[in-house]
Amino acid sequence: QVTLVESGGGLVQPGGSLRLSCAASGDIFTINSMDWYRQTPGKQRELVARFIRDGTKMYADSVKGRFTISVDAAENTGYLLMNNLKPEDTAIYLCHADITERFGDLWYPWGQGTQVTVSS
């Protein structure tokens, strides 16, 4: 079994920064891709950023230039660095990954989410 656990959320003032972590555990061979989504009440879940194993990174227009996604393959951990945070970034942030296990099984786990609140 492969699982994801997010951490790093919290309360931050507008203009501040946070770094979210998404730690994958299990018998992992590769993280093929990792996504960060965010969810607010009454809104559809939004894809914020995507990292693909070949190094490709994609961002939602609303976070381009402010958020940076990365994956440390040696640590099986992904990160979302969020700078210049705005109140509209307030949401539960969830990571989601495409992972190949050591014996070839594919897993698509979700983390439990971490709350980010941007407020003065």
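1. A good place to start is the hairpin of β4 and β5, which has six residues between its strands and a positive phi of about 80° at G42 in the turn. Strands here are DSSP E runs of at least two residues, numbered from the N terminus, and two of them pair if DSSP finds at least two bridges between them. Please keep in mind that this is a predicted model, in which local features need pLDDT of at least 70, side-chain atom pairs count only at pLDDT 80 or more, and totals for chains, interfaces and linings use all residues. Residues are numbered from 1 along each chain as its sequence is written, and side-chain values use heavy atoms, with hydrogens and water left out.

2. Staying with this hairpin, β4 (residues 28–39) and β5 (residues 46–52) run antiparallel and are joined by six bridges. R38 stands opposite E46 in β5. On another side of the pairing pattern, β4 is antiparallel to β9 (residues 91–101) over 10 bridges, with C95 in β9 as the bridge partner of W36. Of the 12 residues in β4, 10 are buried; that term means under 20% relative accessible area, with exposed over 50% and partly exposed in between (1.4 Å probe, protein chains only).

3. Strand β7 (residues 67–72) has a pleasing alternation: F67, I69 and V71 point to one face and are buried, whereas T68, S70 and D72 point to the other face and are not. Its antiparallel partner is β8 (residues 77–82), over six bridges, and M82 in β8 is the bridge partner of F67. Four residues lie between the strands of this hairpin.

4. Which residues other than glycine deserve a look for positive phi? N76 has a phi of about 50° although it is not a glycine, and its place is in the loop between β7 and β8. N84 also has a positive phi, near 50°; this residue is found in the loop between β8 and β9. N84 counts as partly exposed because its relative accessibility is 42%.

5. Now the interior. The largest nonpolar core (buried Ala, Val, Leu, Ile, Met, Phe, Trp, Tyr and Cys residues joined through side-chain atoms within 4.5 Å) has 29 residues, of which W36, F67, L80, M82, Y93 and I99 touch the most other members. At least two residues of this core come from each of β3 (18–25), β4, β5, β7, β8, β9 and β11 (114–118). β9 gives the most, with five residues. Leaving out residues up to four places away in sequence, Y93 touches a list that includes L20, W36, V48, F67, L80, M82 and V116; contact means heavy atoms within 4.5 Å.

6. A60, in the loop between β6 (57–59) and β7, is worth a glance too. A60 counts as buried because its relative accessible area is 14%. Beyond its neighbours within four places in sequence, A60 is in contact with E46, L47 and V48. The C-alpha atoms of A60 and E46 are separated by 8.5 Å, with these positions 14 residues apart along the chain counted as their spacing.

7. Finally, the structure holds one aromatic pair. Y37 and W110 are tilted, at 5.0 Å centre to centre and 50° between the planes. Rings of Phe, Tyr and Trp (its six-membered ring) pair if their centres lie within 6.5 Å, with planes under 30 degrees apart stacked, over 60 edge-to-face and the rest tilted. Y37 is in β4 and W110 in the loop between β10 (106–107) and β11, 73 residues apart. Y37 is buried at 15% relative accessible area, while W110 is partly exposed at 35%.
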